[in-house]
Amino acid sequence: LAKANRFLTRNFSLRSKVIEGAKIGRKIGFPTANMKYPKDIVRLPYGVYKIKCFDKFALMNWGVKPTFNSEELIEVHIPEFEADLYNKELEIEILSKIRDEKRFENLDELKEQIKRDIELCLK
């Protein structure tokens with residue numbers, strides 16, 4: 001990703017419309033904007049990424065959420081951000097990959113990992 005960003009002379013970005021999800025992130029304290037991955041661009045490997053959205057550092061999970069056996073989906077969590085983004089186009093800059101997507105044994109384990117991921121994104 002870093003090499004691609006250098007060749008592009010900008011950060012790799014994607015744009016998609018925010019859709020309604022299962023609201024699991026909201027229920028566990030990490031609300032997300034959910035989007036489908038655009039079909040007409042290079043697909044990133046599944047994983048958790050540090051991104052920039054609305055000029056704020058944020059977190060993106062791209063994949064199938066193996067803890068919940070979900071369909072492919074992008075989930076964006078922007079710390080300390082509240083707004084209704086449903087049906088709006090959202091553009092995000094992908095800065096770096098934090099880790100691969102993984103399955104968690106329970107919600108507490110997932111929440112602790114999300115907290116650690118957010119800390120990495122805000123650095």
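**Figure 1. The hairpin of strands S3 and S4.** In this predicted model, strands S3 and S4 form a hairpin in which two residues lie between the strands. Phe54 is in the turn and has a positive phi of about 55°. The two strands run antiparallel and are joined by seven bridges. Within this pairing, Lys52 stands opposite Phe57 in S4. Strand S4 is mostly covered, with six of its eight residues buried.

**Figure 2. The surroundings of Lys52.** Lys52 is found in strand S3. With a relative accessible area of 26%, Lys52 is partly exposed, because the range for that class begins where buried ends, at 20%. When residues up to four places away in sequence are not counted, Lys52 touches Phe57, Glu91, Ile92, Glu93 and Leu95. A separation of 9.4 Å lies between the C-alpha atoms of Lys52 and Asn11, although these residues are 41 residues apart along the chain.

**Figure 3. The closed barrel and its strand pairs.** Six strands make up a closed barrel, in the order S1-S2-S5-S4-S3-S6 and with antiparallel pairing. From one strand to the next, the twist averages 45°. Strand S1, residues 12–19, pairs with strand S2, residues 33–35, in the antiparallel sense over two bridges. In this part of the barrel, Ile19 stands opposite Asn34 in S2. Strands S4 and S5 also pair in the antiparallel sense, over five bridges, and Asn61 stands opposite Glu75 in S5.

**Figure 4. Helix H3 against the strands.** Helix H3 comprises residues 107–121 and lies across four strands, namely S3 (47–53), S4 (56–63), S5 (73–77) and S6 (89–99). With respect to S4, the helix runs at about 135°.

**Figure 5. The nonpolar cores.** In soluble globular proteins, nonpolar side chains tend to be buried together. The largest nonpolar core of this model has 20 residues, and Met60, Val76, Ile92 and Ile94 are those with the most contacts inside it. At least two residues of this core come from each of S1, S2, S3, S4, S5 and S6. Ile92 touches Phe12, Ser13, Leu14, Met35, Ile51, Lys52, Cys53, Met60 and Val76, residues up to four places away in sequence not being counted. Apart from the largest core lies another core, of nine residues, among them Val48, Leu110, Ile114 and Ile118.

**Figure 6. The aromatic pair of Tyr46 and Trp62.** A pair of aromatic rings is described by the distance of the centres and the angle of the planes. The structure holds three aromatic pairs. One of them, formed by Tyr46 and Trp62, is edge-to-face, with 5.2 Å centre to centre and 80° between the planes. Tyr46 lies in the loop between S2 and S3 and Trp62 in strand S4, so this pair ties together parts that are 16 residues apart in sequence. Tyr46 counts as partly exposed, at 32% relative accessibility, whereas Trp62 is buried, with a relative accessible area of 0%. Through ring pairs, Tyr37, Tyr46 and Trp62 are linked into a cluster.

**Figure 7. The aromatic pair of Phe54 and Phe81.** The rings of Phe54 and Phe81 form a stacked pair, with 5.0 Å centre to centre and 15° between the planes. This pair links distant parts of the chain, since Phe54 belongs to the loop between S3 and S4 and Phe81 to the loop between S5 and S6, 27 residues apart. Both residues are partly exposed: Phe54 has a relative accessible area of 44%, and Phe81 has one of 24%.

**Figure 8. The cysteines Cys53 and Cys121.** The structure holds zero disulfides. Cys53 is in no disulfide, and the cysteine sulfur nearest to that of Cys53 belongs to Cys121, 12 Å away. Cys121 is likewise in no disulfide, the nearest cysteine sulfur being that of Cys53. A disulfide requires two cysteine sulfur atoms within 2.5 Å, and the 12 Å between Cys53 and Cys121 therefore does not meet this cut-off. Cys53 counts as buried, at 1% relative accessibility, and Cys121 counts as buried at 1% relative accessibility.

Conventions
Residues are numbered from 1 along each chain as its sequence is written. This is a predicted model: local features need pLDDT of at least 70, side-chain atom pairs count only at pLDDT 80 or more; totals for chains, interfaces and linings use all residues. Side-chain values use heavy atoms; hydrogens and water are left out. Buried means under 20% relative accessible area, exposed over 50%, partly exposed in between (1.4 Å probe, protein chains only). Two strands pair if DSSP finds at least two bridges between them. Axes are lines fitted to C-alpha atoms, for helices over the stretch in contact, and angles run from 0 to 180 degrees between N-to-C directions. Contact means heavy atoms within 4.5 Å. A nonpolar core is a set of buried Ala, Val, Leu, Ile, Met, Phe, Trp, Tyr and Cys residues joined through side-chain atoms within 4.5 Å. Rings of Phe, Tyr and Trp (its six-membered ring) pair if their centres lie within 6.5 Å; planes under 30 degrees apart count as stacked, over 60 as edge-to-face and the rest as tilted.
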